[in-house]
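Biologist: I'm new to this one, so could you put it on screen and walk me through it?

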Amino acid sequence: MRTDAMRSFKTLALALALTTPAGAFAATLHKTPGCGCCEDHAEHLRQNGIAVTSVESPDLDRLRAAHGVPEELVGCHMLEIDGYVVEGHVSARTIKRLLAERPAVKGISMPGMPTGSPGMGGPKTEPFVIHSFGGADGQAVYEVE
């Protein structure tokens with residue numbers, strides 16, 4: 001019985017997070033100075049209810065190391081949101097899922113700069129694999145979009 005109630009609560013929390021009005025979530029996007037795709041990703045997040053402040057961070061490597069981002073999971077930019085780190089062009093939907101589910105991880109990442117991902121141009125040519133890191137399981141697949 002308790003498992004069913006918990007599952008119902010998680011389903012409700014996820015539904016609320018995915019339909020949260022603009023401005024309910026605030027984040028800081030750390031980017032390489034002058035990067036245009038980072039701003040395009042920030043705009044995707046804003047259009048989907050995440051208030052983003054962009055900050056030019058010339059020493060992203062140091063910042064990533066301080067937050068425990070594994071080198072193999074480095075993306076284009078780093079987002080700090082509600083105690084989590086989000087690396088790369090992860091969709092607003094997936095970020096809202098992370099905030100609703102609140103897994104015991106440091107963050108999630110879509111490594112690199114995949115074509116067709118939010119903020120990147122071109123068509124999507126393959127599924128996007130989002131990894132979690134910094135939890136009891138180490139690195140794991142969090143979601144495939």
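Modeller: What follows goes from the whole chain to the sheet, then to the helices, the cores and a few single residues. Please keep in mind that this is a predicted model.

Biologist: Okay, how many helices and strands are there in the chain?

Modeller: The chain holds four helices and seven strands, and read along the sequence they follow the pattern α-β-α-β-α-β-β-α-β-β-β.

Biologist: And what share of the residues counts as buried?

Modeller: Of the 145 residues in the chain, 42% count as buried. The chain exposes about 7,500 Å², and carbon and sulfur atoms supply 56% of that area. As for contacts with a separation of 6 or more, 53% of them come from residues that are 24 or more positions apart.

Biologist: Now the sheet: in what order do the strands lie?

Modeller: The seven strands form an open sheet in the order β2-β1-β3-β4-β5-β6-β7, and the pairing is mixed. The edges are taken by β2 (50-56) and β7 (138-144), each of which has a single partner strand, so one side of each is left without a neighbour in the sheet. Ignoring direction, neighbouring strands are turned by 25° against each other on average.

Biologist: You said mixed, so which way do β1 and β2 run?

Modeller: Strands β1 and β2 run parallel and are joined by seven bridges, with A26 standing opposite A51 in β2. By contrast, β5 (residues 107-110) and β6 (residues 129-135) pair in the antiparallel sense over three bridges, and there G107 has F133 in β6 as its bridge partner.

Biologist: Which strands does helix α4 touch where it packs on the sheet?

Modeller: Helix α4 (residues 92-101) touches β1, β2, β3, β4, β5, β6 and β7, and its direction makes about 125° with that of β7. Helix α4 is also mostly covered, since seven of its ten residues are buried, namely A92, T94, I95, K96, R97, L98 and L99. Just after the helix, R102 takes a positive phi of about 50°.

Biologist: Hang on, there's a lysine in that list. How is K96 placed, buried or exposed?

Modeller: K96 has a relative accessible area of 5%, and because the cut-off for buried is under 20%, K96 counts as buried. A polar atom of the K96 side chain lies 2.5 Å from the backbone oxygen of N48. K96 and F25 are 71 residues apart along the chain, while their C-alpha atoms are separated by 8.8 Å.

Biologist: Switching topic, what about the nonpolar core: which residues have the most contacts inside the largest one?

Modeller: The largest nonpolar core has 26 residues, and those with the most contacts inside it are I50, L79, I81, V86 and I95. The elements giving two or more residues to this core are β1, α2, β2, β3, β4, α4 and β5. A second, separate core has seven residues, including V69, L73, M78 and F133.

Biologist: Take V86 from the big one; what is V86 in contact with?

Modeller: Leaving aside neighbours within four places in sequence, V86 is in contact with H77, M78, L79, I81, I95, L98 and I108. As a general point, nonpolar side chains in soluble globular proteins tend to be buried together.

Biologist: What about loops, where is V90 found?

Modeller: V90 is found in the loop between β4 and α4, and V90 is buried, with a relative accessible area of 0%. Not counting residues up to four places away in sequence, V90 touches H41, L45, I95, I108, S109, M110 and I130. V90 and I130 are 40 residues apart in sequence, yet they are 7.4 Å apart in space, C-alpha to C-alpha.

Biologist: Last one, since I clicked on S132: which residues does S132 touch?

Modeller: S132 is found in strand β6 and counts as buried at 8% relative accessibility. Leaving out residues up to four places away in sequence, S132 touches L73, V105, G107, I108, G138, Q139, A140 and Y142.

Conventions: Residues are numbered from 1 along each chain as its sequence is written. This is a predicted model: local features need pLDDT of at least 70, side-chain atom pairs count only at pLDDT 80 or more; totals for chains, interfaces and linings use all residues. Side-chain values use heavy atoms; hydrogens and water are left out. Two strands pair if DSSP finds at least two bridges between them. Axes are lines fitted to C-alpha atoms, for helices over the stretch in contact, and angles run from 0 to 180 degrees between N-to-C directions. Contact means heavy atoms within 4.5 Å. A nonpolar core is a set of buried Ala, Val, Leu, Ile, Met, Phe, Trp, Tyr and Cys residues joined through side-chain atoms within 4.5 Å. Buried means under 20% relative accessible area, exposed over 50%, partly exposed in between (1.4 Å probe, protein chains only). A polar contact is a pair of N or O atoms within 3.5 Å; within protein, one must be able to donate a hydrogen and the other to accept it, and residues adjacent in sequence count only if both atoms are side-chain atoms. Accessible areas come from the Shrake-Rupley method with a 1.4 Å probe; for residues, only the protein chains shown count as cover.
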